[in-house]
Amino acid sequence: MTVVSGILVVGIVFQHSLLRSIGEVTNAPGNFWGLRSMSGLTILLSATSSSFWITASFFIIVLVSLVFRSGIEKGYELTLYSLPYTKLEVFSVKFLEGFILSALIALLPALVLTLINFSDVPAFLSSLFRDERFWGLLILMVLGVLYVVSVVTLLSLSLRSMLATILSVFSLVIIPYLINAGLPPANLFNSYVVTMLGEKYFSLAGLITSKSVVIYGLLVPAVLIVSSAVLAVRRDVK
């Protein structure tokens, strides 16, 4: 239910942002296609907007908290850990479940609505999906999801209630958007990265190795995931 609701609401927010961006971008696209065109710019602005990521983060926080906390708070976690699986295996399955479903919440609406809104321009869609910049944007979105999921996972295992987890993650993930603090996942889409996506001589390797992507998209989530795995192995199930 959380996943379905999340996809629908995030889709509504993305569509609204897309239509608003189309209204703001009025220049002719010239000979540019893919993400460098004016149509591509509207997609880029919508997929990196604060409204899109605040909404997606809200549902991801609730979803991952449910994945890790519902069994404990409803009392069936002891039964789960009585099965012939190690704590690390149980943690890995839960994390993958949370990450895959969270990626669906964020990426599926954006991809489907992009196809629907530009279905009357097949040449543009073809150029978009052949554009390295577009795949770079998708990678950034996946890394943004990974960061949020890894934060929720660690706090779900560290704190003793779902409510405390949700409130704590809200303060770490959503409030920085509201006060423009420049913290992840917002800084994965900072002006430098967005400008790089629009450059004529774009390099996917250059994007992935940029400072903000390496630190906040790869290193920080990796540290959070490893810490969560250690907690999952060492803590009890209560």
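## A lined cavity

Phe14, Ile43, Ala47, Ala110, Leu111, Thr114, Phe134, Leu137, Leu138 and Met141 line the second largest cavity of this predicted model. The space inside the second largest cavity is about 50 Å³. In total, the structure holds two cavities of 30 Å³ or more. Rolling a probe the size of a water molecule over the atoms shows where empty space is left.

Three helices each give at least two residues to the lining of the second largest cavity: α2 (38-47), α5 (87-117) and α7. Helix α7 supplies the largest share of that lining, with four residues. By character, the lining of the second largest cavity has nine nonpolar residues, one polar residue and no charged residue.

## Overall build

The protein chain has 11 helices and zero strands. Read from the N terminus, its elements run α-α-α-α-α-α-α-α-α-α-α. The chain has 238 residues, and 47% of them count as buried.

Take the contacts in the protein chain with a separation of 6 or more. Of these, 79% join residues 24 or more positions apart. The accessible surface of the protein chain is about 11,600 Å². Carbon and sulfur atoms account for 69% of that surface.

## The nonpolar core

The largest nonpolar core has 62 residues. Within it, Ile61, Met141 and Leu197 touch the most other members. Helix α7 (residues 132-158) gives the most to this core: 16 residues. Met141 also appears in the lining of the second largest cavity.

Which residues does Ile61 touch, not counting those up to four places away in sequence? The set is Val148, Val152, Ile166, Val169, Phe170, Val173 and Ile174.

## Val169 in helix α8

Val169 is found in helix α8 (residues 162-178). Its relative accessible area is 0%, under the 20% cut-off, so Val169 is buried. Not counting residues up to four places away in sequence, Val169 touches Ile61, Val151, Val152, Leu155 and Ile174. Ile61 and Val152 also touch each other.

How far apart are the C-alpha atoms of Val169 and Thr153? They are separated by 9.7 Å, and the two residues are 16 apart along the chain.

## Thr153 in helix α7

Thr153 lies in helix α7. Is Thr153 buried or exposed? Thr153 counts as buried because its relative accessibility is 1%, where under 20% is required.

Neighbours within four places in sequence are left aside here. Beyond them, Thr153 is in contact with Val64, Phe68, Phe91, Phe95 and Ser228. Phe91 and Phe95 fall within the residue range of helix α5 (87-117).

## Gly11 in helix α1

Gly11 has its place in helix α1 (residues 2-24). With a relative accessible area of 9%, again under 20%, Gly11 is therefore buried.

Leaving aside neighbours within four places in sequence, Gly11 is in contact with Gly6, Pro109 and Leu113. The C-alpha atoms of Gly11 and Leu108 are separated by 8.3 Å. Along the chain, Gly11 and Leu108 are 97 residues apart.

How values were computed:
Residues numbered from 1 in each chain as written. Predicted model: local features only at pLDDT ≥ 70, side-chain atom pairs only at ≥ 80, totals over all residues. Heavy atoms only, no water. Core = buried A, V, L, I, M, F, W, Y, C linked by side-chain atoms within 4.5 Å. Buried < 20%, exposed > 50% of the residue type's maximum accessible area, 1.4 Å probe, protein only. Contact = heavy atoms within 4.5 Å. 1 Å grid on protein atoms, 1.4 Å probe; cavity = no way out; pocket = protein on both sides within 12 Å on 5 of 7 lines; lining within 4 Å. Points joined across faces, edges and corners; volume = space filled by probe spheres on them. Nonpolar A, V, L, I, M, F, W, Y, C, P; charged D, E, K, R; others polar. Areas by Shrake-Rupley, 256 points an atom, 1.4 Å probe, with all protein chains shown as cover.
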